[in-house]
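Here's a quick walk through one protein model, with a few spots worth finding on your screen. Keep the viewer open as you read.

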Amino acid sequence: MQQSFAGKLFDTISWTLLHSVWQGLLLTIIVAAILFATKKSAPAFRYSLLTGLLFCFTGTVTITFIFQWQQSSGIATAFTHTLTTRNVFAAQNNYWQIVTDFMNHYSTWVMAVWGSEELMNLWCMLVDLYHLNHL
């Protein structure tokens, strides 16, 4: 089944957003460890480390997008089917199948909700900048 470019793009972005949640959580744990370990270090050093981690997160999300784009041709569904046929991790695979089905079916809605939330954040930032300018 051939998927349209827009459908493939929405699916890829939706999966990238889902994966960025756990990647961001992992990065948050690393940031907390770095902040704890460098309490007495110079602020410029801590800033450099945290900026590097931000670029790492951006790179990770970009790599995830590229990987998801390549996998959207049907390899991911074959992988999911292989996982669900094994009985060793049946409960986890059933959960993964539910998540996979939801993301594949509602990727347009995931993108719409995410985009709406980002537009609201942009609007709030612009209003705050307007008020700041008047101060």
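Is Y106 buried, partly exposed or exposed? At 36% relative accessibility, Y106 counts as partly exposed; here buried means under 20% relative accessible area, exposed means over 50%, and partly exposed lies in between, using a 1.4 Å probe and protein chains only.

Before going further, some housekeeping. The model is predicted, so local features need pLDDT of at least 70 and side-chain atom pairs count only at pLDDT 80 or more, while totals for chains, interfaces and linings use all residues. Residues are numbered from 1 along each chain as its sequence is written, and side-chain values use heavy atoms, leaving out hydrogens and water.

**The overall picture**

The protein chain has five helices and zero strands, giving the pattern α-α-α-α-α along the sequence. Helices (H or I, at least four residues) and strands (E, at least two) are DSSP runs, numbered from the N terminus. Of its 135 residues, 19% count as buried. The accessible surface comes to about 10400 Å², and carbon and sulfur atoms own 73% of that; areas come from the Shrake-Rupley method with a 1.4 Å probe, and for residues only the protein chains shown count as cover. Among contacts (heavy atoms within 4.5 Å) between residues at least 6 apart in sequence, 68% join residues at least 24 apart.

**Aromatic rings**

A search of the whole structure turns up three aromatic pairs. Rings of Phe, Tyr and Trp (its six-membered ring) pair if their centres lie within 6.5 Å; planes under 30 degrees apart count as stacked, over 60 as edge-to-face and the rest as tilted. Two of the pairs are set out here, one of them F5 and W69, another F102 and Y106.

| Pair | Centre to centre | Angle between planes | Type |
|---|---|---|---|
| F5 and W69 | 5.6 Å | 70° | edge-to-face |
| F102 and Y106 | 5.0 Å | 45° | tilted |

The F5 and W69 pair links distant parts of the chain: F5 sits in helix α1 and W69 in helix α2 (residues 43–71), 64 residues apart. F5 is exposed, at 58% relative accessible area, whereas W69 is partly exposed at 24%. F65 joins F5 and W69 in one aromatic cluster. As for Y106's partner, F102 is partly exposed at 44%.

**Along helix α1**

K8 is also in helix α1 and counts as partly exposed, at 22% relative accessibility. Setting aside residues up to four places away in sequence, K8 touches Q3, W69 and S72. K8 and Q68 are 60 residues apart in sequence, yet their C-alpha atoms are 9.6 Å apart in space.

Q23 belongs to helix α1 too (residues 5–37). Why does Q23 count as buried? Because its relative accessibility is 9%. Beyond its neighbours within four places in sequence, Q23 contacts F57, T60, V61 and T64. With T64 there is a side-chain polar contact of 2.8 Å; a polar contact is a pair of N or O atoms within 3.5 Å, where within protein one must be able to donate a hydrogen and the other to accept it, and residues adjacent in sequence count only if both atoms are side-chain atoms.

**A nonpolar patch**

Lastly, look for L119, L122, W123, M125, L126, L129, L132 and L135, which form a nonpolar surface patch with about 930 Å² of accessible area together. Patches are made of residues with over 30% relative accessible area and no salt bridge, with like charges joined within 9 Å and nonpolar side chains (Val, Leu, Ile, Met, Phe, Trp, Tyr) within 5 Å. A salt bridge is a side-chain nitrogen of Lys or Arg within 4 Å of a carboxyl oxygen of Asp or Glu. One of the patch members, L126, lies in helix α5 (residues 107–134) and is partly exposed at 44%.
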